[in-house]
Amino acid sequence: MGDRLAAFVSAVTDRVFGPVFTLDATRAGRRWSTFALRWFYLLCLVFVLAIFFYAWRKDLNDARTVDPNVLTRFAENFFWVYSVTQFLLVAAVTPGVTAGAITDEKERKTLHFLLATDLSGREIVLGKLAARVGALMTLVLAGLPVIAIMQFFGGIEPRLLLVAVGMTTVSVVSLAALGVVSSVLLPRTRDAIMLAYGLPVVYVWLSLWAWSDAQYASEPALVEAVRLFACGNPFVAAREMARTLSVDVFPAPAAWYVGFHAAFAAAAIAVAAWRVRSSVRTEGAAAAPRSAAARLLAWVMGRRTNARWHPQLRGEPVRWREMYVEPGSGSGVVQRVFAAAVLGCVFLPFLSIVAQFLMTVFDEPYSGRRYWRSPLEEFRSSTKVWLCVVTCLFGLLVLLRTTVRGASAVAGERDRDTWVSLVCTPLTVREILHGKWYGCVLGQKDAFLLLGVVWGIGVTTLSVNVVSIALTAVALAAYMNVFAALGLWASATARNSRVAIARSVPLALLLVGGYWFFLSCCCAGIGISGGGSGTGELLGYGMAFVAAATPAVVLGGLPALDFEVFREASRRESSGFLVVALGWVIGIAGWTALALYWREQAHDGFAREANRDHEIPGARPRRPRTEPRGADRPDRWSDRGST
């Protein structure tokens with residue numbers, strides 16, 4: 001019976017998704033990373049459950065008979081934390097898993113063979129998408145045993161479980177479809193991953209800003225349009241569901257969220273299936289446009305018609321190649337649209353702040369209204385908030401981009417079949433990795449320019465302090481050094497870029513601030529349970545120290561510091577300010593030491609892979625061979641005459 005059921009399921013999947021699904025699902029199920037991710041997720045859930053039980057142990061153990069209301073509140077609170085944990089993990093993992101679906105085939109030069117078969121574009125795209133979505137859905141199913149334990153604590157309402165599972169599932173499908181369409185439209189895995197991570201961040205920020213500003217708009221059509229645009233934002237949906245969750249069986253914001261992402265996933269899959277065969281670019285450059293309009297159209301579409309100019313090679317060829325020959329996959333219409341979206345995400349909120357300031361200034365007697373602060377102070381305060389948010393979000397994207405660039409720096413040589421040519425050069429391993437590191441860090445020139453413009457606006461308008469901006473730049477440079485070294489370390493021994501990116505991106509997401517989830521659970525458990533008179537103060541100092549060394553907190557909070565903040569901190573409580581300053585200094589030193597460690601590990605791994613053990617410090621050099629091994633033994637296959 002089991003064999004017949006397995007054969008029936010295999011026939012159905014082959015009929016619906018095609019043979020690509022069977023192959024990719026089998027390969028994904030045999031990777032150790034799939035099991036490692038699943039066990040890591042389960043350990044996270046068990047850890048959160050243990051912290052919650054520790055925090056509620058007084059209410060659960062003080063009385064002989066526990067109040068059923070206490071059990072119900074415990075189960076409901078844990079369920080919401082479980083849902084948030086599951087959603088965050090899925091949102092962090094899905095783009096990295098799915099964005100290399102087609103680009104892996106392009107980099108391995110196997111997409112042409114796949115397109116030469118009689119498979120349609122729909123079968124190829126749906127097969128690869130279904131295999132990866134199935135692997136991700138095992139994470140959602142892996143948490144069901146933990147949720148089943150909640151039946152002993154009063155159970156969970158079925159409608160809450162339906163809302164959480166439905167929104168998480170549709171988010172997985174939507175993000176996976178975005179990753180696949182990015183993989184189809186872009187030629188390299190690293191560019192597809194950055195697009196798959198960057199577009200959700202841009203959408204969440206723009207929709208959240210538009211939704212918050214539309215609350216005060218008077219035009220019903222504008223409010224409705226903004227509501228439709230922002231209904232796919234998880235923060236907006238959670239805010240709206242908080243009002244009707246206790247009344248409706250399936251809240252309307254949740255239904256709009258599911259419909260938005262389902263429609264987006266269907267459109268993305270259709271585009272990917274339509275463009276998968278035309279995504280293989282023809283070799284050679286197109287003819288140079290002659291007219292000015294044709295050149296402008298070529299520039300808008302991102303088509304390169306002429307060879308790119310390179311400066312003269314004067315030394316350090318790897319650095320020259322990484323800086324001028326391999327800055328990226330070239331420009332294209334997708335990159336131009338993404339760049340325009342990033343610029344709109346950065347500068348549209350500032351233009352709104354400027355418009356609000358002008359409207360307030362030219363409002364004659366302020367329309368009889370009373371303002372707590374002057375319009376200039378309100379403008380500077382809003383500009384400071386805008387600068388801090390942009391620095392945090394864009395800085396984290398820059399760090400992720402640096403990691404992905406480093407992860408594809410060495411492993412990409414194997415993908416392009418240039419590894420042998422690179423290791424056969426007289427360059428040392430340290431010279432090669434030094435040039436790769438320069439490409440990872442200094443290759444972010446466009447990001448430096450954008451952040452420089454944002455910081456210049458803040459300094460010019462006197463919204464932020466020059467010293468705080470300088471300290472933020474120092475911290476960002478130190479963090480980029482670390483994440484570039486992380487990418488090189490993961491790339492030095494990986495067999496291809498996909499493996500290197502799969503190793504480095506989750507660790508990078510954990511280091512930029514992901515570990516704060518576990519710290520907050522621990523601190524919440526200790527704070528709720530109580531731990532003595534001085535526990536709260538000591539816990540606060542510890543959290544402040546760790547926050548001063550966290551990249552996400554530093555990039556978001558350090559630009560907000562000014563002389564008034566320093567003065568208030570020195571007046572009220574100097575010990576807290578000293579803890580934060582000490583945490584920042586020790587954090588920068590610790591991150592720098594970690595970067596040096598990863599660079600040495602990358603050097604040793606690269607040397608072993610390139611068979612250059614003599615360049616590893618402290619390693620015993622190999623003895624040179626003067627004659628082949630076993631030359632003193634007689635040859636048993638020598639010619640003994642004709643037969």
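**Notes on helix α21**

1. Leu449 and Thr460 are exposed, on the other side of α21 from its buried residues. Here exposed means over 50% relative accessible area, buried under 20% and partly exposed in between (1.4 Å probe, protein chains only). Bear in mind that this is a predicted model, where local features need pLDDT of at least 70 and side-chain atom pairs pLDDT 80 or more, while totals for chains, interfaces and linings use all residues. Residues are numbered from 1 along each chain as its sequence is written, and side-chain values use heavy atoms, leaving out hydrogens and water.

2. Which residues of α21 are buried? They are Ala447, Leu450, Leu451, Val454, Trp455, Ile457 and Gly458. Looking down the axis of α21, these buried residues fall within an arc of 150 degrees (taken from the directions from axis to C-beta atoms), so they line one face of the helix.

3. What covers those buried residues? The cover includes α17 (333-361), α18 (375-415) and α22 (466-492).

4. The length of α21 checks out: its 16 residues (445-460) should span 22 Å at 1.5 Å times one less than the number of residues, and the end C-alpha atoms are 22 Å apart, which agrees. Just after α21, leucine 462 has a positive phi of about 60 degrees.

5. Stepping back, the protein chain has 28 helices and zero strands (DSSP runs: H or I, at least four residues, for helices; E, at least two, for strands; numbered from the N terminus). Of its 643 residues, 42% count as buried.

6. Among contacts (heavy atoms within 4.5 Å) with a separation of 6 or more in the protein chain, 81% come from residues 24 or more positions apart.
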